[in-house]
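Subject: Structure handover and notes

Dear colleague,

Here is the structure you asked to look at, with the sequence alongside. My notes follow below, and I would be glad if you could read them with the structure open.

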Amino acid sequence: MVEAMRPGVRASSSGPSGEPAKGPTVVVIDDEPQMRRFLRAALESLGYRFHEAATGQDGLAEAATRQPDVIILDLGLPDLDGLEIIRRVREWSTVPIIVLSARDQEGDMIKALDLGANDYVSKPFGVGLLLARLRAVLRHAALASQQRAEPVFAVGALRVDLMRRRVSVDGAEVHLTPTEYRLLATLVRHAGLVVVHQQLLREVWGPNHDDQANYLRVFMLQLRRKIEADPARPRYLRTEPGVGYRLTVD
Amino acid sequence: MDAVRSVCYASASMGAEPRELNQPSPDDTSARPVTRSLAHPRNWPAYAQGAGVVGFCTILAWDMASYFTLSNLLMIYLIGTVGVATHLGRGPSIVTAVLSVLVFDFLFIPPRFRFAISDVEHLFALAVVVAVAAIISSRSARLRQHAVAVRQYEREAAAAAAAARAVQVAQLQGLAAAALAVSSTLSVDETLEILTERARQIIDCHLAISGLSTDQDWGHAIHAVALSDKYAAWRDFAQKPDGSGVYRLVCEANRPMRLTQAQLESHPAWRGFSKAAGAHPPLRGWLAVPLIGVDGRNIGLIQLSDKDAGEFTEADESILVHLAQMGAIAIEKIRSYEDAEWRRRAAEQLYAMSHDVAAALDVPSLLHVALRHIGEVFGTRVMMLFPDAEGKLAPRWRYPETGGPEPGELAAGRWAYEHGEAAGLGTRAFSAERTLHLPLVGARGTIGVLSLVPRDAGGLLDRGHLLLLETFTSQIALALERATLAEQAHEAHLRMETERLRSSLLSSISHDLRTPLATITLAASSLLWRHEEFDPETQRELKESIYEEAERLARLVDNLLNMTRLESGIQARKARQPLEDVVGAALARMERRLRGRSLTTSLPHDLPLVLIDDVLIEQVLINLLDNAIKYTGSESPLELSAFVSDGVVTVQLADRGPGLDPGDEERVFEKFHRGASGPRQGAGLGLAICRGIIDAHGGRIWAENGPDGGAVFRFTLPMESVPADIEAPHG
């Protein structure tokens, strides 16, 4: 499981200290030099090919010329609205985007996720958290590019067999209702990534249930009670207050 | 025989003479048929009676012939003839006289049994008989005729008197009915309608029109028209006289005017409806009476035309004067009643307005209320003009909310504002305007202008109304001033409060930001410059303290952000959700700091959904946990639980620490308060923010010492009734 979480998805043979040239390419768009310096130090040491831009315009140029595997985008740029950058990038590319946002920018962040950003990290954050998000989006992108889903998802004691539609915890089968299963399967498809309320509602209940977040919360509660040891301190199904849910992968 | 015939003829012509004298008057045609009936030849019983009398006299004379002389016998016939003449009229008496003469001549005058007279003496006697008959009969006939005529005259006079009395009674009854009808209505229009129709009926004419003066120019509106069927085509006639012509004469002089059509046509003030001739019903004679108010002022007029029979008489005029006076008094009574009623309503509205204005919380609602009241009382469009930022007077509030002023009217408004005096309609300045501008004068000068566009210009300018308006205006001005001052005071207070808060916040925050920053700077610089001198354990400690202090800074910033959010009045984004979600998220975020500590959670499975802003409640939980971690030993256990009671969900966090100092239970929730026994770190904001957040959720937060020691922090969240489909989902 831990191996699958490594960054080198396209070159899975390379380890954390492998050839930088073979690591994934990342473009960081952030106007704070300190942040760029820190990210460059952290990511290059892990084998990422690192490109940076201090403005939105430069960032768009970098994103177009460098063909990155992932973009890390700060929402508070001086020249261009971060949301506008996501919109423009999404016009021609499905490259994973992780947005960096301050805690008081929740509204923008949800808009960013709606526009096609794949995940987010709130400032301030630890390097471990950012790396986990990077690994998750890269893994997800790799699976998507290969046009296949993992037939079996496993994390900790939880095991979800998507082929057979079986769920077990510690080897013991858990009986889920069809809706609970659809909810879990949706989260598994986006394992490691945040899934916003609206997206979950759309994917599980269909397009006409956008406004019924109550359903979602009640089913999530039931799902937790079935697969979590302590539903009040969930191990797998994490709540991101005001945003959505995330199925942890480590 | 010729002589006798000529005598007879003479008597007949003599008798004919007094007939003419008997006529009571040449024009009295009613006497004629009586005379005619007396001379009627077919009055045969009288002639028969005459003949009978002659027969009776003959029998008497025949018996006495042997004892009396001829002349005495003739006396018997004379007596009979006189009797007939007295009682039976001229014709029978002459016939009787002639018959008596013939019979006497035939039977008694020698030569007897022959119609011949030997002695002239006898002829004279006979002539006397006929003459007496003629004279007496004519005299008595005349007396009788006279008696008949007198009786006839008396009958006719009685009938005429009765008819006149009937007319008078009818008119009196009409007047009485009109008085009753007029006094039973409370409407000026209805009063005029009654008055007009009754006047037309009582005076029996075809056309009656009444109107009230609208102003001292004597222009008046037609208020009521009463027309007989003859004028059915003009029933809708309502031409408004312009206050000139004969109408004006009546109103101005306040005197009645009675004219025949000829007099009207030749009157210099009469213009024969030059323009309105087609629309106006034609006139035939004219009787107009002014309506006079209690103070002798003219208030209108009532006019009649086309009397059914003849021309208008003096009596008609008197009746109409009575009616008009009755109507005028009724109208004045109604007007004063209406005025009193209006004043009462205005006073009520004034009272209501002062009440509403006093209750108005801010200037806009105050103005809105005031405008509505004025608009309703005075039936006007109302507008308030206030100086804008550049001091230019501009309309700011309107009632009703549509319809703007004209530029010229604004000039009058500006004048009123600058001079502090009324301007526009009916005042000295800009008097030609349709709008009346009244300055709103407060204790500190003119603050604005109240502009009114009345529907009825006359009514508003009434002295009493203007006084009331001024009362309204000064009320509004004072209330406005008071509200403005109150708002300013409130704002000043708020500013002061904000200033005070800001300065204490700044000092507190700068301290709390500096402390972790100092640690971070120290640790980081140590690692940078002397890192080879530290053993690995020290290095790890330094790095950890950097990380921890950075996290502390992040928490402080989060709290500051949330506090700003709450205090700037941003609404909580509440959604119905399980408490477990939020508890899980909070515990996940505190995971590192809770490491090595026992924390038990007990959330019943049947806990209902709660309506909360999850980000804010997460902050509450984090702050409570952070507080417990700070004030208890590093291994002291914590217990987080929730339960339902009394319709609320209560969440509590219990620790095993030293507990709260006495009196601190409330103070801990105050801003910048820090526990005396604690580590004296943190801004003292955490619990204050908790209280703000829980208040915003309609809940309650408090602290107390637990029964087994340690502090217990509790907060409640109101429970919403949850729809069944959410409570028990399927699928």
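A residue is called buried here if 20 or more other C-beta atoms lie within 10 Å of its own, and exposed if 12 or fewer do. Please keep in mind throughout that this is a predicted model.

With that cut-off in hand, I would start at helix α16 of chain B, which spans residues 579-589. L579(B), E580(B), D581(B), V582(B), V583(B), G584(B), A585(B), A586(B) and L587(B) are the buried residues there. Because nine of the eleven residues of α16(B) are buried, this helix is largely enclosed by the rest of the structure. For chain B as a whole, buried residues make up 33% of its 731 residues, and the chain's secondary structure comes to 21 helices and 17 strands. When contacts in chain B between residues at least 6 apart in sequence are considered, 65% of them join residues at least 24 apart.

Chain B also holds an open sheet of five strands, in the order β12-β14-β15-β17-β16, whose pairing is mixed. Its edge strands are β12 (599-602) and β16 (701-705) of chain B, each of which pairs on one side only, and neighbouring strands are turned by 20° against each other on average, with direction ignored. At one end of that order, β12(B) runs parallel to β14(B), residues 638-645, and four bridges join the two; T601(B), for instance, has L640(B) in β14(B) as its bridge partner. Helix α18 of chain B, residues 614-631, lies across β14, β15 (648-655) and β17 (711-718) of the same chain, and its direction makes an angle of about 25° with β15(B).

The loop between β14 and β15 of chain B contains D646(B), a residue other than glycine whose phi is nevertheless positive, near 50°. Most residues other than glycine have a negative phi, and most peptide bonds are trans. Is D646(B) buried or exposed? It has 7 C-beta neighbours inside 10 Å and therefore counts as exposed.

Turning to chain A, its secondary structure comes to eight helices and twelve strands, and 40% of its 250 residues count as buried. Among its contacts with a separation of 6 or more, residues 24 or more positions apart account for 57%. Two details of the backbone deserve a careful look. One is R165(A), in the loop between β7 (158-161) and β8 (166-169) of chain A, which has a positive phi near 55° although it is not a glycine; with 12 C-beta neighbours inside 10 Å, R165(A) counts as exposed. The other is the peptide bond from K123(A) to P124(A), which is cis, with omega near -5°; P124(A) is found in the loop between β5 (119-122) and α5 (127-145) of chain A.

An open sheet of three strands in chain A has the order β10-β12-β11 and antiparallel pairing. The edge strands, each pairing on one side only, are β10 (194-196) and β11 of chain A, and the twist averages 30° from one strand to the next. Three bridges link β10(A) with β12(A), residues 244-247, in the antiparallel sense, and R246(A) in β12(A) is the bridge partner of V194(A).

Helix α6 of chain A has twelve residues and reaches 16 Å from its first C-alpha to its last, close to the 16 Å expected at 1.5 Å a residue. In α6(A), the buried residues are E180(A), Y181(A), L183(A), L184(A), L187(A) and V188(A). Seen down the axis of α6(A), they fall within an arc of 160°, so they line one face of the helix. An α-helix has 3.6 residues a turn, so residues three or four places apart point the same way.

Finally, there is the contact between the chains, which takes 24 residues from chain A and 26 residues from chain B. On the side of chain A that touches chain B, the elements giving two or more residues are α6 (178-189), α8 (213-227) and β11 (237-240) of chain A, and α8(A) gives the most, with eight residues. The residues of this side of chain A divide into eleven nonpolar, five polar and eight charged.

With best wishes

Conventions: Residues are numbered from 1 along each chain as its sequence is written. Chains are lettered from A and ligands numbered from 1 in the order in which they are written. This is a predicted model: local features need pLDDT of at least 70, side-chain atom pairs count only at pLDDT 80 or more; totals for chains, interfaces and linings use all residues. Two residues are in contact if their C-beta atoms, placed from the backbone, lie within 7 Å. Ala, Val, Leu, Ile, Met, Phe, Trp, Tyr, Cys and Pro count as nonpolar, Asp, Glu, Lys and Arg as charged, and the others, Gly among them, as polar. The expected span of a helix is 1.5 Å times one less than its number of residues. The arc is that of the directions from the helix axis to the C-beta atoms. Two strands pair if DSSP finds at least two bridges between them. Axes are lines fitted to C-alpha atoms, for helices over the stretch in contact, and angles run from 0 to 180 degrees between N-to-C directions.
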